[in-house]
Amino acid sequence: MTAIATLGPEGSHAWQAAKQFDGAAEIQVFPHLSMVVEAFHNRKADYAVVPVYNTREGEIKECFQMMENLTTGHWVENIVLPVHLSLGVPPGNAGINTIIGTTHVLRQCDSYISKHFANATLIAVQDPIVALDDFKDRDDFAIIEAENLITAQGLSIHEREVAPHNRTRFAVLGKTLTDSTGYDATVLLTTPLKDRVGLLFDILGEFTRRGVNLLDMRTETDIKSQKLQFYFEAEGHINDQAVKEAVEHIENNVVQERKSVKILGSFPRVDMRVKRIKKTGFIGSGDMSAWFARRLENEGYQTVLTGRNSLVRPEEMITDADVVFICVPISATPETIEQYAPKLRDGQALILLAGEAENNIDTALRHTSKGVEVMLIHNLWGPKATTMKDKNASVVRTSRSGALCSEIEAFLFKHGAVICRDKAVDHDLLMGVGQKLPTAISLALAMTLKENKLSTEDIDSHSTLTSLYSILAMARVHSQNPRTYAEIMTAKGAGGKIVSDFINNLSVVLDHARSGDVDGICSLIETGALYLGKDFLKARMRQALAMDEVLGYKG
């Protein structure tokens with residue numbers, strides 16, 4: 001039977017990678033990387049599976065230092081594994097004062113820990129499951145690990161996906177160099193090199209003039225000599241003529257030292273974008289659904305649009321889709337969720353493309369089983385946009401947003417969307433400021449012009465650049481589909497509070513104005529400026545001045 005050495009314990013991400021490489025093999029687990037490599041060198045294992053790169057942590061230096069001393073075998077394959085880390089706590093948890101995890105896991109979760117548990121004591125251990133024995137009498141700790149390892153210890157999941165967009169690349173070390181497949185990559189490591197002006201430029205030139213593309217390059221300082229070493233990952237197999245010639249010329253003509261370039265291995269080219277999602281489906285066949293569907297198809301996902309007149313009914317689509325999107329008018333969203341959400345089964349994801357969060361998310365969580373992932377995305381652009389690059393997207397995750405939701409969020413990120421993670425109520429309040437309130441002001445402004453019989457022809461001649469902002473917003477609202485803005489205004493949720501509070505505060509301002517209270521209005525402005533802060537005001541003033549320059553241009 002084939003034996004594979006890797007890092008433990010059983011069930012760890014490294015163990016999962018080894019299992020993915022060969023499900024029938026005997027998996028030998030070790031607590032230290034050096035022990036994994038030793039088992040491979042001593043032929044106690046046919047293969048070794050070791051982590052070399054993580055999307056949040058970067059390269060794992062211990063592995064590359066180990067590669068330098070690899071005297072037998074080659075890097076023959078890669079496994080890219082999504083890393084789903086959860087925060088587990090004991091039953092009856094009394095707070096989190098201590099967090100346990102491996103060094104690598106704690107690094108990967110650094111931003112999450114600093115944001116939510118800045119005062120917690122971090123304990124880095126080789127095997128967190130073994131370390132739990134020292135905490136069996138405590139109820140104030142947490143562990144970060146794979147969900148299956150946490151639940152196997154009788155702990156509860158406090159939060160899933162604490163480090164989203166997290167993937168680890170594992171190198172598979174084998175005894176024999178792999179044959180060329182026609183779509184390969186080769187990894188090279190130099191010895192510590194003597195200093196010379198233009199050395200790196202000359203090395204890169206050998207690849208460039210032969211048309212060999214570099215997929216990765218990094219430097220490492222040799223501990224003993226403090227000289228630089230270079231690591232390259234190049235497209236092509238080492239037996240391809242262009243790659244072989246580049247290596248020979250680097251050794252003989254550039255570095256001028258034989259065996260100064262070590263061939264770690266060649267293997268089929270790896271893609272870090274591991275996808276769990278195969279098929280997506282949309283309930284709602286409007287322009288926005290079609291817009292997202294086209295871009296998902298460009299990423300290799302199958303998509304199906306369903307609606308009132310579609311050949312495929314939503315019920316049929318739901319049976320074999322991994323992710324179901326609901327993208328319908330705002331007023332129809334809750335009813336659509338109630339109708340179709342119960343049809344989703346555990347292991348699927350429901351993504352709400354909607355502008356109102358709290359009510360829709362609550363409805364989705366109530367009408368789906370606990371094994372269905374739920375997330376809301378509010379894209380702040382319309383179907384006429386050519387791209388989502390640099391456009392705002394509000395993402396509201398829930399306690400049930402898992403790996404599938406993270407993959408969809410990663411899709412937005414890859415295409416350049418500026419993602420803001422919101423809580424549901426905060427999203428609705430901010431959308432009250434960003435959408436509901438400007439719409440309300442635009443409607444009221446047009447009504448006021450009509451009531452006072454003011455000619456629109458006179459607006460330009462009596463406007464300041466500042467007053468043009470609200471007039472332009474009014475024009476936008478009244479020149480597009482009125483139902484869109486009616487849906488925004490009638491949507492339930494915390495956004496309505498923003499409009500109500502604005503009306504109340506406007507009344508206060510008018511009271512000061514009617515009574516001639518100049519000092520009172522100055523005080524309101526000063527208080528507001530203090531709350532808004534200098535940085536915000538400075539940045540927004542730069543934008544306002546830039547807009548003034550455009551609006552004031554008469555050419």
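**Notes on a predicted structure**

1. Let's start with burial: 45% of the 555 residues in the protein count as buried. Keep in mind while reading that this is a predicted model.

2. On overall dimensions, the C-alpha trace spans about 90 × 60 × 55 Å along its principal axes. The accessible surface adds up to about 29500 Å², and carbon and sulfur atoms hold 53% of that.

3. If you like counting elements, the protein has 20 helices and 22 strands. As for how the chain meets itself, take the contacts with a separation of 6 or more: 73% of them join residues 24 or more positions apart.

4. One sheet is worth a look on your screen. It is open, has five strands in the order 8-7-9-6-10, and its pairing is mixed. Strand 8 (121-124) and strand 10 (156-159) are the edge strands, each pairing on one side only. Leaving direction aside, neighbouring strands in this sheet are turned by 35° against each other on average.

5. Now for one pair inside that sheet. In which sense do strand 6 and strand 9 pair, parallel or antiparallel? They run antiparallel, with four bridges between strand 6 (residues 85-89) and strand 9 (residues 141-146). To find the spot, look for serine 86, which stands opposite glutamate 145 in strand 9.

6. Last, the charges. The protein carries 59 positive side chains and 70 negative ones. How far apart do the centres of the two sets lie? The answer is 3 Å.

Technical notes. Residues are numbered from 1 along each chain as its sequence is written. This is a predicted model: local features need pLDDT of at least 70, side-chain atom pairs count only at pLDDT 80 or more; totals for chains, interfaces and linings use all residues. Side-chain values use heavy atoms; hydrogens and water are left out. Two strands pair if DSSP finds at least two bridges between them. Helices (H or I, at least four residues) and strands (E, at least two) are DSSP runs, numbered from the N terminus. Axes are lines fitted to C-alpha atoms, for helices over the stretch in contact, and angles run from 0 to 180 degrees between N-to-C directions. Buried means under 20% relative accessible area, exposed over 50%, partly exposed in between (1.4 Å probe, protein chains only). Contact means heavy atoms within 4.5 Å. Accessible areas come from the Shrake-Rupley method with a 1.4 Å probe; for residues, only the protein chains shown count as cover. Lys and Arg count as positive and Asp and Glu as negative; His and the chain ends are not counted. The place of a charge is taken as NZ of Lys, CZ of Arg, CG of Asp or CD of Glu.
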